[in-house]
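Trainee: I am new to this structure. Can you walk me through some of the terms used for it?

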Amino acid sequence: MNILFEAWSDLISSYESDINTKDSWWKKISQAHSLEKRAYHNECHLIDLLLQISEHEKQIKDKRILYWTLFFHDFVYRAGRLDNELKSSLVAVTAMGELGA
């Protein structure tokens with residue numbers, strides 16, 4: 001199983017949304033970070049960040065916050081745009097609402 005999918009499953013396991021909604025958001029995250037135009041903000045970047053989170057897990061009080069940030073901080077990425085983070089945060093808010101976070 002993919003390490004990112006395992007982290008996603010861990011994150012959403014405590015929320016009571018239906019499986020279709022959970023799967024739909026995973027597909028959106030995976031597709032967004034798999035686009036060829038992403039030279040850096042891709043799945044490898046997410047894996048690197050996830051490994052860094054894992055290295056410091058004992059110091060982290062609530063890793064759910066970091067996981068939400070991990071999956072959505074670069075969800076929207078258009079090179080040269082200054083509003084990627086803002087747009088990504090709006091997507092995160094939508095996802096959290098749909099997933100019952």
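Mentor: We will take one residue and two helix pairs in turn. Keep in mind that this is a predicted model.

Trainee: Why is Ser88 called buried?

Mentor: Buried means under 20% relative accessible area. Ser88 has 1% relative accessibility, so Ser88 counts as buried.

Trainee: Where is Ser88, and which residues does Ser88 touch?

Mentor: Ser88 is in helix 5, residues 84–99. Leaving out residues up to four places away in sequence, Ser88 touches Phe72, His73, Asp74, Phe75 and Val76.

Trainee: Why are helix 1 and helix 3 called oblique to each other?

Mentor: Their axes come within 10 Å and cross at roughly 60 degrees. Roughly parallel needs under 35 degrees, and roughly perpendicular runs from 65 to 115. The angle fits neither range, so helix 1 and helix 3 are oblique. Their crossing is left-handed.

Trainee: Which residues meet there, in helix 1 and helix 3?

Mentor: Ile3, Leu4 and Ala7 of helix 1 meet Glu43, Leu46, Ile47, Leu50 and Leu51 of helix 3. By class, that contact has seven nonpolar residues, no polar ones and one charged.

Trainee: What makes helix 3 and helix 4 roughly antiparallel?

Mentor: Angles over 145 degrees count as roughly antiparallel. Helix 3 and helix 4 pack at about 165 degrees, with axes 10 Å apart. Therefore the pair is roughly antiparallel. Helix 3 passes helix 4 in a right-handed crossing.

Trainee: Which residues make the contact of helix 3 and helix 4?

Mentor: Helix 3 gives Leu46, Leu49, Leu50 and Ile53, and helix 4 gives Leu66, Tyr67 and Leu70. These divide into seven nonpolar, no polar and no charged residues.

How values were computed: Residues are numbered from 1 along each chain as its sequence is written. This is a predicted model: local features need pLDDT of at least 70, side-chain atom pairs count only at pLDDT 80 or more; totals for chains, interfaces and linings use all residues. Side-chain values use heavy atoms; hydrogens and water are left out. Helices (H or I, at least four residues) and strands (E, at least two) are DSSP runs, numbered from the N terminus. Buried means under 20% relative accessible area, exposed over 50%, partly exposed in between (1.4 Å probe, protein chains only). Contact means heavy atoms within 4.5 Å. Axes are lines fitted to C-alpha atoms, for helices over the stretch in contact, and angles run from 0 to 180 degrees between N-to-C directions. A crossing is left-handed if the near helix is turned anticlockwise from the far one by less than a right angle, and right-handed if clockwise. Ala, Val, Leu, Ile, Met, Phe, Trp, Tyr, Cys and Pro count as nonpolar, Asp, Glu, Lys and Arg as charged, and the others, Gly among them, as polar.
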